[in-house]
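Me: I'd like a close look at one helix in this protein. Could you walk me through what surrounds it, and set it in the whole chain?

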Amino acid sequence: MSATMTGAPAFGAPVPPAAPPGPKRSAPAPQAPTRSSTVDVVIVGAGAAGIAAARRLASLGRRFALVEASATIGGRCIADTTVFGVPFDRGAHWIHMPDINPVAKLATQTGLDLYPAPPGQRVRIGRRYAREGEMEDYLGGVVRASTAIADASRKIDVSCAQALPKDLGGWRPMIEFVLGPFGCGKDLSEVSAADFARSAERDSDLLCRQGFGALLAKLAAAIPVELSNPVTRISWGAKAGGVDVDTARGQFEARAAIVTVSTNVLSAGKIKFTPDLPKRQLDAAARLKLGSYDHVALELPGNPFGLRPDELVFEKADSNHTAALFANVSGTSLCIVDIGGSFGRDLAAKGDDAMFDFAQTWLSGLYGSDVAKVVKRRHATHWNDDPWIMGAFSAAAPGGQPSRKVLMESVNDRIWFAGEAAHETLWGTVGGAWESGERAADAVVKSFGRKPG
């Protein structure tokens, strides 16, 4: 799910029954509150945006219902402790830009252990680490690539791949991976140069020892939520000044709805809108479709690679068949191999065994040992198969950057969209989703002054 972007992604965990095998999400928030059929606002989705919207509405004294299709809150930000016995963030893990991140600012209220992520990364060239001069070449290439993308975006919104300089040499496949699949969940050929250029720098991060998902759950602890209750229809045309929201367990009447489902879920038509949503919003969601990003998590006791806690390692690859290693998470023996983009999508579609085989073979090639012999427990996420997410996080298609602003518009002052896709600079992050949810809640309340109560 972050959940990424230079540093990591923003996303979460599969949900039974349609999700692949794995631990069932446990509910960290109050279950099915006693509800009134009439509320001010119905919030669809209890991820970061939905939680933020609910907290803001609660602070303003507004009546709301927060309904979630899956069995737990968190969306693409879920911390699991059942698989490995230690916190495993199945989606978002990095708390980007703590100085401006609204979630980081609230974290002091939770009592959880937050600490700075180690700066920088290491690069593996064959079975050795890059030397100082080689690291300078690589980092210089990243700067040139980012600058070229930004320059191109000022003229016409081409793909990031089209904008790359021609002199990246042997570093090009790695730079394309770091900026594309690792940073955006998509190959650079699928990513808008304007969207990439407008994303905020994500060069400082915090980590939560108990898991980012645990932090989000703490912030949602006082919010009533109806779990396992998918919204099936939102009717907004026939009734003056309001909406009817049909769910698996009944109907709500409300003055407005805040819809925080992913762009892929929205495009798939899993929620029926009556009348249909305007083509403007549907086209925007299609141009902001989610990429692919999954974690292959391996328990490697004894630190066989001699890596520091929370160390990030890339490979100087010669193709897109590569990954990133996030080692010894919070000082544990949990190591995560991150795959993304078209290669990651195709690999995940082949199932767990293919994902495990790639991760173990890839690590063995980098460190010269048979990793399969030392791995204990292992687990892989399958975000593309999660019926309530259907991918990782949004990255605009070439020419699609303005779609983020479109997605932030209301539909007739009755429906608002929120989530990481509805943020122009913090897309793909939990912080961006949170801020989007707060903005949507404020806009809804402001609209109440423009129409009958």
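Reply: Here's the helix H11, after a quick tour of the chain it belongs to.

First, a word on the numbers: this is a predicted model, where local features need pLDDT of at least 70, side-chain atom pairs count only at pLDDT 80 or more, and totals for chains, interfaces and linings use all residues. Residues are numbered from 1 along each chain as its sequence is written, and side-chain values use heavy atoms, with hydrogens and water left out.

The protein chain has 14 helices and 19 strands; these are DSSP runs numbered from the N terminus, with helices being H or I of at least four residues and strands E of at least two. The chain's radius of gyration, taken over C-alpha atoms, is 21 Å, close to the 22 Å that the globule rule (2.2 Å times the number of residues to the power 0.38) gives for 453 residues, so the chain is as compact as a globular protein of that length. Of those 453 residues, 59% are buried, meaning under 20% relative accessible area with a 1.4 Å probe, counting protein chains only.

Now zoom in on H11, which covers residues 341-349. Its buried residues are Gly-341, Ser-342, Phe-343, Gly-344, Leu-347 and Ala-348. What do they pack against? Two helices, H6 (181-184) and H12 (352-367), plus two strands, S14 (293-299) and S17 (334-340). Contact here means heavy atoms within 4.5 Å. After H11 comes Gly-351, with a positive phi near 105 degrees.

Methods: Buried < 20%, exposed > 50% of the residue type's maximum accessible area, 1.4 Å probe, protein only.
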